[in-house]
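Colleague: I've got this one open on my screen and I'd like to talk through a few packing and ligand details. Can you pull it up too?

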Amino acid sequence: MTEDYRARVRAWLAANDPGPVGGLPPAEHLSAAKRFQAALYAAGFAGITWPKEWGGQGLGTADQQIFAEEAAEYDLPTYPFIVNMGMCGPTLVDLGTPEQKSRYLRPLLSGEEIWCQLFSEPGAGSDVASLQTRAVRDDGGWAVNGQKVWTTNAQWADFGALLARTDPDVPKHAGLTMFIVDMHAPGVTVRPLKDMSGKAPFNEVYLDDVRIPAGAVIGEVGQGWRVAITMLGHERVSIGSSRPSRSSALSFDAVLALARRQGATDVPAHRERLAGLYAHERALELLNARMRQEAQAGRPPGARGSVAKLAGALQLRRAIEVAGELAGAGAVAWEPGDRHGDDLALGINSAPATGIAGGTNEVQRTIIGERVLGLPKEPQVDRDVPVRDLKVGTQRTEDPR
Ligand SMILES: Cc1cc2nc3c(=O)[nH]c(=O)nc-3n(C[C@H](O)[C@H](O)[C@H](O)COP(=O)(O)OP(=O)(O)OC[C@H]3O[C@@H](n4cnc5c(N)ncnc54)[C@H](O)[C@@H]3O)c2cc1C
């Protein structure tokens, strides 16, 4: 049965791989990615473990794992849907109302609609609960004002999961609410932000008097922190379990190929580092496989998702070091048109973000210490203080309302 499934996945991927589309102009890239996601959904390979009722396949994590293994052989254009699949979708499955699930989950899975996650602000990243975007009740719904930053895929997004403050009179974790915001609504402005690779994968998002209907609350009013923790848990598992495709310049296979091109595989020091890289990559795969099996058996990863997230980020850092040593000057200068040089530079410039996005490595270590290992909690002087009495982030001295 399992081998049948693998054969079906393998045949489908071979027949439907759109090839490299990353180099296309943004609009063409997006169209190609949407066509691929729609085909993936139609073939029953999107939302493999999600409930059938909401457009998923209702299969187990073993099938998901088989698909991930086979897909790693390709460079598939799934980037526009990472927030759909890894964060907003699973959170709606867990906590959305039946109306929200029936309205949003199918187009989210098929790639027809793209989602983004509006949490971080200029003054609230690691300490996201101190955010200042305000939602006030207005005409039966809500009016939202504020600014978000580092919003991945907002340039393409149709909807966002927005964490906003609905009550400044209570401590910071207590007065938050999660909303679904229409990214095409009046008052939403998206401005691209470039990273050091020269691409603009994330954005600033300004919200000026944006109207949100009452039915767009995910979970309960005032319970946004619980929803945020659910989404961050999914995000950490998703980031931690996504390994570089074999074609990525930082996978073990690619670094080994680089060593072969450099004639370095007989040098003991390089062999030792390559073996270390391989061992860590394999350990990470096994860790992720175990977490998937445990989730299947009814034990969700919870805070242990931070272990996978941290281990994945550290593995990329390790790969950067080994690949950088092997490439030498070739890691910073290469002949025009040298695909290996382009890929390695992009990998080296992009990979450090994995140790920041979804919570930095330092934050993951704190979560692991406190919630996995049961160590004493870090002191938090502001935990029980009403937000209006705090001087945090960009908040000025005037009344935040
Ligand atoms: C590629 C990428 C994509 C992203 N996409 C999104 C997105 O789609 N939506 C979204 O909302 N956000 C997104 N982010 C933002 C991301 O969640 C934040 O950058 C992250 O949470 C860190 O916040 P910060 O940048 O404000 O850094 P800060 O919180 O200011 O941290 C600065 C430094 O201080 C350290 N630090 C902070 N607090 C502690 C502590 N208590 N203990 C120890 N060290 C600490 C941090 O580890 C870090 O090294 C993205 C970021 C990146 C890089």
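Colleague: Let's start with helix 8 and helix 9: at what angle do they pack?

Modeller: Bear in mind that this is a predicted model. Helix 8 covers residues 268-296 and helix 9 covers residues 305-327. Their axes sit 10 Å apart, and the packing angle is about 160 degrees.

Colleague: Are helix 8 and helix 9 roughly parallel or roughly antiparallel, then?

Modeller: Angles over 145 degrees count as roughly antiparallel. This pair packs at about 160 degrees, and the crossing is left-handed. Helix 8 and helix 9 are therefore roughly antiparallel.

Colleague: How many charged residues are in the contact of helix 8 with helix 9?

Modeller: Helix 8 brings residues including Arg 273, His 280, Glu 281 and Met 291, while helix 9 offers, among them, Ala 311, Gln 315, Arg 318 and Glu 325. By class, the contact has 11 nonpolar and six polar residues, and the charged ones number four.

Colleague: Helix 9 also meets helix 11. Which residues of helix 11 make that contact?

Modeller: The axes of helix 9 and helix 11 (residues 361-372) come within 9 Å and cross at roughly 145 degrees, and that crossing is left-handed. The contact divides into six nonpolar, three polar and three charged residues. From helix 9 come Ser 306, Val 307, Lys 309, Leu 310, Ala 313, Leu 314 and Arg 317, and from helix 11 come Asn 361, Gln 364, Arg 365, Ile 367 and Ile 368.

Colleague: Over to helix 4 and helix 5: how many nonpolar residues does their contact have?

Modeller: Helix 4 (residues 82-95) and helix 5 (residues 98-110) pack at about 160 degrees with axes 10 Å apart, so they are roughly antiparallel. Their crossing is left-handed. The contact includes Met 85 and Leu 92 of helix 4, along with Tyr 104 and Leu 108 of helix 5. Three of the contact residues are polar and one is charged, while the nonpolar ones number seven.

Colleague: Now the ligand: which residues are closest to the ligand?

Modeller: The ligand is surrounded by 15 residues. Within that set, the closest are Ser 126, Trp 150, Thr 152, Thr 360 and Glu 362.

Colleague: And how far is a polar side-chain atom of Glu 362 from an oxygen atom of the ligand?

Modeller: There are backbone approaches as well: a backbone N or O atom of Gln 117 lies 2.7 Å from a ligand nitrogen atom, and a polar backbone atom of Phe 119 is 3.0 Å from a ligand oxygen atom. For Glu 362, the polar side-chain atom lies from an oxygen atom of the ligand at 2.6 Å.

Conventions
Residues numbered from 1 in each chain as written. Predicted model: local features only at pLDDT ≥ 70, side-chain atom pairs only at ≥ 80, totals over all residues. Heavy atoms only, no water. Axes fitted to C-alpha atoms, helices over the stretch in contact; angles between N-to-C directions. Helix = DSSP H or I, 4+ residues; strand = E, 2+ residues; numbered from the N terminus. Parallel < 35°, antiparallel > 145°, perpendicular 65-115°, else oblique. Left-handed = near helix turned anticlockwise from the far one by under 90°. Contact = heavy atoms within 4.5 Å. Nonpolar A, V, L, I, M, F, W, Y, C, P; charged D, E, K, R; others polar. Near = heavy atom within 4 Å. Polar contact = N/O pair within 3.5 Å; in protein donor to acceptor, adjacent residues only side chain to side chain.
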